[in-house]
Amino acid sequence: MKRRGAACVFLLATGMGVLAAGMANADDIPFFISRDVPDYRALMTLREADGPTNTYLRSVVHHRGWTRVEEQSDRGTGVSYGNFFDNVLLSTWKAPDDEDVTSMTITKVAQLRRGIRVKNTKEAGTAIHPAGEACKWWEVIDKPELKGAYGPFSYSCLSSDGIEVATKELIKRKEPSGETQVVRLERTSVAESEVRPPKRLFDPAFWLKPLRNYPNRPANLPDFSARMIGDRSEKRVLRHYPWRFEEERSEDGRTVFSVWNMLDDQRLTVGYSKNERHFEAHRSSVDLRPSSNLIEIGIGPTDLKKSDRYLGESCAWFEVTHLADAGTSECLTPDGVALKVEFSSWLGPDEIYTAVELKRRPVELKEMIPPAELIDPSSWGFTVSD
């Protein structure tokens with residue numbers, strides 16, 4: 001169950017890319033109405049109703065506002081670390097056959113409406129007694145214009161000392177979407193180390209470590225650096241086969257750094273805006289990793305049969321992505337450098353970038369790593385474990 005453990009949800013400006021939506025409070029960690037919740041350990045059952053009805057286990061560990069939540073299912077293991085009142089959440093995922101986590105997201109949102117967790121929550125049910133614990137139901141309020149008439153509507157049942165012992169999620173306030181309920185609760189001291197995320201999750205080398213021996217760089221894909229100007233933002237682009245990097249800075253203050261592998265499914269993105277920060281990293285699952293002797297099979301972009309000239313160089317137009325709600329066309333030089341990019345989307349305004357500087361030069365992978373201060377765990381409020 002993907003439960004909203006948040007007091008409200010905010011949409012940021014259109015065209016936010018990976019920062020398009022942000023949580024006002026952490027998702028998938030317990031809902032609190034007070035900072036005075038005692039340390040505790042809980043084991044809960046988690047029942048999903050969207051699809052085949054399955055019941056899984058959720059373990060919760062809480063220490064001074066910081067929480068570690070682990071959920072295991074036949075699809076894999078998800079672990080979340082977060083602080084409800086600091087609006088920060090780190091979530092990881094590991095498939096059953098993988099030796100380590102393969103994806104992570106961190107979201108930190110400014111507290112735009114202080115006090116909403118208490119003032120705008122209301123009693124939404126009568127007391128129940130899971131595992132012998134009396135509790136009171138509270139509705140977790142989201143902005144109504146984002147929720148609509150169908151929801152989902154989220155509820156938490158809190159014990160007298162503020163521990164979440166049950167949750168439920170309803171569609172149209174009556175159809176169940178999922179629920180959790182405590183089966184064992186122990187109020188006991190919890191060490192700080194138990195709610196700390198692993199240090200390696202903040203290390204770019206963990207996410208960008210090569211998965212195999214890559215073939216020699218093709219002669220028609222030289223390293224380069226470029227600067228591009230768009231309608232509302234500016235980009236810096238680097239390529240070092242098989243890696244590509246983009247730094248985008250918008251007029252509204254939004255900044256996004258992205259580095260990804262053009263051959264394998266590896267990527268790392270860090271960004272921030274006025275009210276939100278986001279960190280996303282992914283590396284291929286074992287089942288999807290190619291063998292070292294993989295024969296490369298490429299499906300090229302669609303040739304649009306037209307050409308142009310920018311910065312004194314000729315380029316040919318190609319449609320490089322075409323989705324139901326978005327598309328990207330690029331004017332590419334013979335060695336694969338985009339001199340102009342046109343992005344269109346039904347979800348937001350179109351964007352056009354034009355190259356104003358281009359240098360074909362050696363590029364090192366270390367140039368592609370986002371600024372250290374954006375990745376440092378302390379900048380997110382986390383203390384890490386080894």
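Trp66, Phe202, Phe279, Trp380 and Phe382 come together as one aromatic cluster in this structure, which is a predicted model. Aromatic pairs add up to nine here. Below is a quick tour of the rings, the lysines that sit over two of them, and a lysine at the end of a strand.

**Aromatic pairing**
- A pair of aromatic rings is described by the distance of the centres and the angle of the planes.
- Among the nine pairs is the one between Phe206 and Trp207, with 4.9 Å from centre to centre and 85° between the planes.
- The Phe206–Trp207 pair counts as edge-to-face because its planes are 85° apart, and the cut-off for that class is over 60 degrees.
- Phe206 has a relative accessibility of 16%, so this residue counts as buried.
- Trp207 is buried as well, and its relative accessible area is 0%.

**Lysines over rings**
- Lys168 is placed over the face of Tyr155, 5.5 Å from the ring centre.
- For Tyr353, the residue over the ring face is Lys235, at 4.7 Å from the ring centre.

**Lys359 and its surroundings**
- Lys359 belongs to strand 24, which covers residues 351–359.
- With a relative accessible area of 53%, Lys359 is exposed, because the exposed class takes values over 50%.
- Leaving aside residues up to four places away in sequence, Lys359 touches Asp223, Phe224 and Ser225.
- Lys359 and Asp223 are 136 residues apart along the chain, and their C-alpha atoms are separated by 8.7 Å.

Key. Residues are numbered from 1 along each chain as its sequence is written. This is a predicted model: local features need pLDDT of at least 70, side-chain atom pairs count only at pLDDT 80 or more; totals for chains, interfaces and linings use all residues. Side-chain values use heavy atoms; hydrogens and water are left out. Rings of Phe, Tyr and Trp (its six-membered ring) pair if their centres lie within 6.5 Å; planes under 30 degrees apart count as stacked, over 60 as edge-to-face and the rest as tilted. Buried means under 20% relative accessible area, exposed over 50%, partly exposed in between (1.4 Å probe, protein chains only). A charge sits over a ring if NZ of Lys or CZ of Arg is within 6 Å of the ring centre and within 35 degrees of the ring normal. Helices (H or I, at least four residues) and strands (E, at least two) are DSSP runs, numbered from the N terminus. Contact means heavy atoms within 4.5 Å.
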